[in-house]
Amino acid sequence: MSGPHENAATSPPLTGASADRFATLVAEAEAVPVDGWDFSWLDGRATEQRPSWGYARAMADRLGRATAALDIQTGGGEVLASAPVLPPLMVATESWPPNVARATGLLHPRGAVVVVDSDEPPLPFGDGAFDLVVSRHPVTTWWQEIARVLAPGGTYFSQQVGRASVFELVEHFRPLPPSAYEARDPERARADAEAAGLVVTDLRSESLHTAFFDIGAVVYFLRKVVWMVPGFTVDAYRPQLESLHRRIETEGPFTARTTRFLIEARRPTGHPHNSFG
């Protein structure tokens, strides 16, 4: 059966008022900066159902009780900066230069240090440096490194993107291999955490919904969340975008299923360091 990424290429080009609306919406979305991790430009253009556990609030509670904490892949620092109280030692890592600059501006006034890191092992910190490590939507979780930098009794607390999240949208632009549907499995995360010597104390997952109300919202989302459709540009995917624009105008908002999971894991006290590899 042909997928939507194939059918789009055979759709007739847009004409008239629909083509004009498409051009206007796409131009708006292409002109917006995509640094940082603030999605407020999508207000009124898209909605995302949030998980029931309230990650930012729960993270802030843990930060308020920590002595030394690390936020891995902080993005623009927006989520970390939302915490009312930061621990005496607060460090955040980020790899993308525009995000590093944005995070520095937000977090340095709060006394937090932003460290440029490649998001590849090893983390640039000593063994047992932190009693709390947090991360919201990490691209990859390096469990052995998290275990290494956690102090005995320390905690890792993270909200992560789950399996097949927003794949209905991705599949409109490109085919996905069967292996993609097995990635980001919460139970695999549990197994990997335990293999690194951590004890998983909480693991929850939810299936949610996202809706895109116009094609500009789709363009902005794919420009910002670059791993969804690698190499995305409007010119490279114009037939698929025009097809989706026509579908939204005819049928209403484009909806996709999003999945999230929450994982909390603790490094046991008195655990020999060499068990973490």
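Which residues lie nearest the centre of the largest cavity? In this predicted model, they are Ile72, Gln73, Leu123, Thr140 and Trp142, out of 16 residues that line the cavity. The volume enclosed there is about 110 Å³, and the structure holds one cavity of 30 Å³ or more. Sorted by class, the lining comprises seven nonpolar, five polar and four charged residues.

Gln73 deserves a second look. This residue sits in the loop between β2 and α4, and its phi is near 55°, a positive value in a residue other than glycine. For context, most residues other than glycine have a negative phi, and most peptide bonds are trans. Gln73 counts as buried because its relative accessibility is 10%, below the 20% cut-off.

A positive phi also turns up at Arg184, where the angle is near 60°. Arg184 belongs to the loop between α7 (167-173) and α8 (186-195). With a relative accessibility of 30%, Arg184 is partly exposed, since that class covers values between 20% and 50%. Gln73, by its 10%, is buried.

The peptide backbone offers another feature to inspect. Pro121 and Pro122 are joined by a cis peptide bond, with omega at about 0°. Pro122 is placed in the loop between β4 and β5.

Turning to the strands, β3 (residues 89-94) and β4 (residues 113-116) run parallel and are joined by four bridges. Within this pairing, Thr93 has Val115 of β4 as its bridge partner. Helix α5 (residues 97-107) completes a right-handed β-α-β unit with β3 and β4.

β3 is also one of the elements against which helix α3 packs through its buried residues. In α3 (residues 55-63), the buried positions are Tyr55, Ala58, Met59, Ala60 and Leu63. Besides β3, these residues pack against β2 (68-71), α4 (78-81), β5 (130-136), β6 (150-161) and β8 (254-266). Two of these partners, β2 and α4, are the elements that flank the loop holding Gln73.

Finally, what about the segment after β8, where Arg267 is found? Arg267 is buried, because its relative accessible area is 5%, under the 20% limit. The C-alpha atom of Arg267 is separated by 7.0 Å from that of Gly197, although the two residues are 70 residues apart along the chain.

Conventions
Residues are numbered from 1 along each chain as its sequence is written. This is a predicted model: local features need pLDDT of at least 70, side-chain atom pairs count only at pLDDT 80 or more; totals for chains, interfaces and linings use all residues. Side-chain values use heavy atoms; hydrogens and water are left out. Two strands pair if DSSP finds at least two bridges between them. Helices (H or I, at least four residues) and strands (E, at least two) are DSSP runs, numbered from the N terminus. A crossover is right-handed if, with the strands pointing away from the viewer, the path from the first strand over the helix to the second runs clockwise. Buried means under 20% relative accessible area, exposed over 50%, partly exposed in between (1.4 Å probe, protein chains only). Contact means heavy atoms within 4.5 Å. On a 1 Å grid over the protein atoms alone, a cavity is a set of points where a 1.4 Å probe fits but cannot get out, and a pocket is an open set with protein on both sides within 12 Å along at least five of seven lines; lining residues have an atom within 4 Å of a point. Grid points are joined across faces, edges and corners, and a volume is the space filled by probe spheres set on the points. Ala, Val, Leu, Ile, Met, Phe, Trp, Tyr, Cys and Pro count as nonpolar, Asp, Glu, Lys and Arg as charged, and the others, Gly among them, as polar.
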